[in-house]
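Student: I would like a close look at a single part of this protein, taken slowly and set in the context of the whole chain. Could you choose one helix and walk me through its surroundings?

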Amino acid sequence: MTNDDKLAERIKLLREYGWEERYISSTEGWNSRLDEMQAAILRVKLKKLDADNAYRQQHAYKYDKALKKMPLELPGIRNGSTHVFHLYVIKTDQRDELKAHLQNHEINTIIQYPVPIHRQKYYEEIVGELSLPVTEQVAETILSLPMYPELSSEAISQTIDATKGYYGG
């Protein structure tokens with residue numbers, strides 16, 4: 001607690017990646033939002049982690065099977081590896097249009113890190129003008145489809161149908 005507004009603002013920035021707004025870092029920061037209450041909740045949820053990951057994998061399988069013929073790049077899994085699909089991130093050159101189409105169908109998607117880290121105000125001051133063309137291209141084309149353990153089959157089907165509808169499939 002503090003009565004110093006400037007200090008309070010600085011601490012808020014430090015605790016969450018230096019974000020002034022979501023995904024936009026204006027200063028250095030960390031991901032240190034775990035407090036005692038969150039830790040207690042996570043301790044209980046940890047017992048369900050394997051089951052929750054299995055649900056995510058099942059959801060991802062449904063997306064993979066249904067969307068594989070669409071002009072999308074789907075998440076890959078390296079040979080000999082597994083994936084828990086914390087996120088289900090696709091790539092498309094029509095990302096913004098697809099996002100708007102899905103939103104029109106009441107399907108929420110997320111653009112993780114729309115501004116690459118090296119282009120964030122704070123980090124640009126550290127590294128200067130840096131060209132990372134692959135990173136920049138990925139930042140312009142990735143979109144996270146709905147993904148969480150409790151996601152219903154109906155919601156997955158709705159996302160699949162709307163995505164196929166966008167591409168005329």
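Tutor: Helices and strands are here DSSP runs, of at least four residues for a helix and at least two for a strand, numbered from the N terminus. Read in that way, the predicted model has seven helices and four strands in its protein chain, and from the N terminus on these elements follow one another as α-β-β-α-α-β-α-α-α-β-α. The C-alpha trace spans about 55 × 45 × 35 Å along its principal axes, and of the contacts with a separation of 6 or more, 62% join residues 24 or more positions apart. Buried residues account for 31% of the 169 residues.

The part to look at is helix 4, which covers residues 95-104. Its buried residues include Arg95, Leu98, His101 and Leu102. Seen down the axis of helix 4, the buried residues fall within an arc of 130°, so they line one face of the helix. The cover over these buried residues includes strand 3, helix 6 (133-141), strand 4 and helix 7. Beyond the end of helix 4 comes glutamate 106, whose phi is positive, near 60°.

Helix 4 also takes part in the largest nonpolar core, a set of 20 residues in which Tyr63 and Tyr88 have the most contacts. At least two residues of this core come from each of helix 3 (49-67), strand 3 (88-91), helix 4, strand 4 (142-145) and helix 7 (153-166). In soluble globular proteins, nonpolar side chains tend to be buried together. Strand 3, strand 4 and helix 7 thus appear twice in this account, as contributors to the core and as part of the cover over the buried residues of helix 4.

To follow the core outward from helix 4, one can turn to tyrosine 63, which, leaving aside residues up to four places away in sequence, touches Lys68, Tyr88, Leu145, Pro146, Met147, Leu151, Ile156, Thr159 and Ile160. Tyr88, one of the residues touched by tyrosine 63, is itself named with Tyr63 as having the most contacts inside the core.

For the outer side of the chain, the exposed area is about 11600 Å², of which carbon and sulfur atoms supply 53%. The chain carries 22 positive and 25 negative charges, and the mean positions of the two sets are 7 Å apart.

Terms used:
Residues are numbered from 1 along each chain as its sequence is written. This is a predicted model: local features need pLDDT of at least 70, side-chain atom pairs count only at pLDDT 80 or more; totals for chains, interfaces and linings use all residues. Side-chain values use heavy atoms; hydrogens and water are left out. Buried means under 20% relative accessible area, exposed over 50%, partly exposed in between (1.4 Å probe, protein chains only). Contact means heavy atoms within 4.5 Å. Accessible areas come from the Shrake-Rupley method with a 1.4 Å probe; for residues, only the protein chains shown count as cover. Lys and Arg count as positive and Asp and Glu as negative; His and the chain ends are not counted. The place of a charge is taken as NZ of Lys, CZ of Arg, CG of Asp or CD of Glu. A nonpolar core is a set of buried Ala, Val, Leu, Ile, Met, Phe, Trp, Tyr and Cys residues joined through side-chain atoms within 4.5 Å. The arc is that of the directions from the helix axis to the C-beta atoms.
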